[in-house]
Structures are given as structure tokens and as C-alpha cells.
Amino acid sequence: MTNMALFAEQQVRADLARLLLAAVEASGRARCDIARDAQIHKDALRRVLAGERSASLGETLRILAASGVAPHAHLLLFLVSSGDHAIAWLQSDLAQFFEDFSGELPSALERVLGNQVHDVKPRWAKGTAHRVARLLSDHIDELERKDALLGDVFAGVEGGHRG
């Protein structure tokens, strides 16, 4: 059962304000420039960042984008995990990966599963998430081994030409 206290307006507004403030501060841009790019009045931006005013969904996405972060990924992280994950992943390759991954996942599931897409059970989500993370870890390890091998090959070739 979902704890409805987590969805209290004041708490959601404060958590979202914390995410948006972290994004704006990490951007290194002036707030007036972010407000202009996000098409929001600078005083409205100030109140959103202070948690005094709720941002609309569109304003949230525009503020995140104007701050130079992956807007959909951070909003999705905010909704499904916690504001802490969204803040920790600000301006990272992991956030961009998450945005691309979560955007591609629905069509990839339909394409690969076909008619089986309706057989997917919610209880499989946690195990599948861990399996995808392990698969990604193995992929990174493999790429690092290949890079090291290629580095050794190129070092040998450079050494051979000099000598």
C-alpha cells in the first residue's frame, strides 16, 4: 500500500524545489538566464526554488533543461526513486544514459516481446532491474578490457616505429 503522506503537497513541493535548486546551482548559469530560457518570470523561478510556489510539469522540465541536465531522466528519477538520486546524478553520463534508456525501453519491450508484452508480471521488475545492471556492468568490464588490449597494441606499434 502506498504511503499517501509521501504525496503531501508541501513535501512534494519542497523535494522538487530541492532538485530544481541543485540543478540551477550546478549549472553555473545566472538565474535570470535560466528563467529566460525556461520561459518563466525570474520572481516565479525564485519562489519555485524556495519551495514557495509549485512548478507545473512544463515549468519543471524547462527549468531542468535550461540548467543543462537531462530533464526527463531527472523528473523520472524524482518520481520513481527519490530526489536524492535525481540530485546525485545531476549533469552525469549516468543521467543521460538513464534518459536514453528509459525513453527507449517501452518500444524495445514491445519490439522484443511482441505479444508476450501482456504476460509481463510486476513482481519481475526488481529482479529484471538487477539483471540489467549486471549486464551493463559486464558490458563495461568487456569494453575496458578491449580498451586496455587496444592500448597495448598501439603502444607496441608506436614502440616498433621508433626503434
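In this predicted model, helix α1 (residues 9-27) has 19 residues, which at 1.5 Å a residue should span 27 Å, and its end C-alpha atoms are indeed 27 Å apart, so the expected and computed spans agree. The buried residues of α1 are R13, L16, A17, L19, L20, A22, A23, V24 and S27, and they pack against α2, α3, α4, α5 and α6. The helix is followed by G28, whose phi is positive, near 75 degrees.

One residue of α5 can be followed in detail. H74 lies in this helix, which covers residues 71-80, and because its relative accessibility is 0%, H74 counts as buried. Its side chain reaches the backbone oxygen of W89 at 3.4 Å. Leaving aside residues up to four places away in sequence, H74 touches L19, L64, V69, A86, W89, L90, Q91 and A95; L19, one of these contacts, is also among the buried residues of α1.

The largest pocket has a volume of about 850 Å³. Of the 23 residues that line this pocket, F101, L105, T128, A129 and V132 are the closest to its centre. Both α7 (93-113) and α8 (125-162) supply at least two residues of the lining, and α7 gives the most, with 10 residues. The lining of the largest pocket divides by residue class as follows.

| Class of lining residue | Count |
|---|---|
| Nonpolar | 19 residues |
| Polar | three residues |
| Charged | one residue |

Methods:
Residues numbered from 1 in each chain as written. Predicted model: local features only at pLDDT ≥ 70, side-chain atom pairs only at ≥ 80, totals over all residues. Heavy atoms only, no water. Helix = DSSP H or I, 4+ residues; strand = E, 2+ residues; numbered from the N terminus. Buried < 20%, exposed > 50% of the residue type's maximum accessible area, 1.4 Å probe, protein only. Polar contact = N/O pair within 3.5 Å; in protein donor to acceptor, adjacent residues only side chain to side chain. Contact = heavy atoms within 4.5 Å. Expected span 1.5 Å × (residues − 1). 1 Å grid on protein atoms, 1.4 Å probe; cavity = no way out; pocket = protein on both sides within 12 Å on 5 of 7 lines; lining within 4 Å. Points joined across faces, edges and corners; volume = space filled by probe spheres on them. Nonpolar A, V, L, I, M, F, W, Y, C, P; charged D, E, K, R; others polar.
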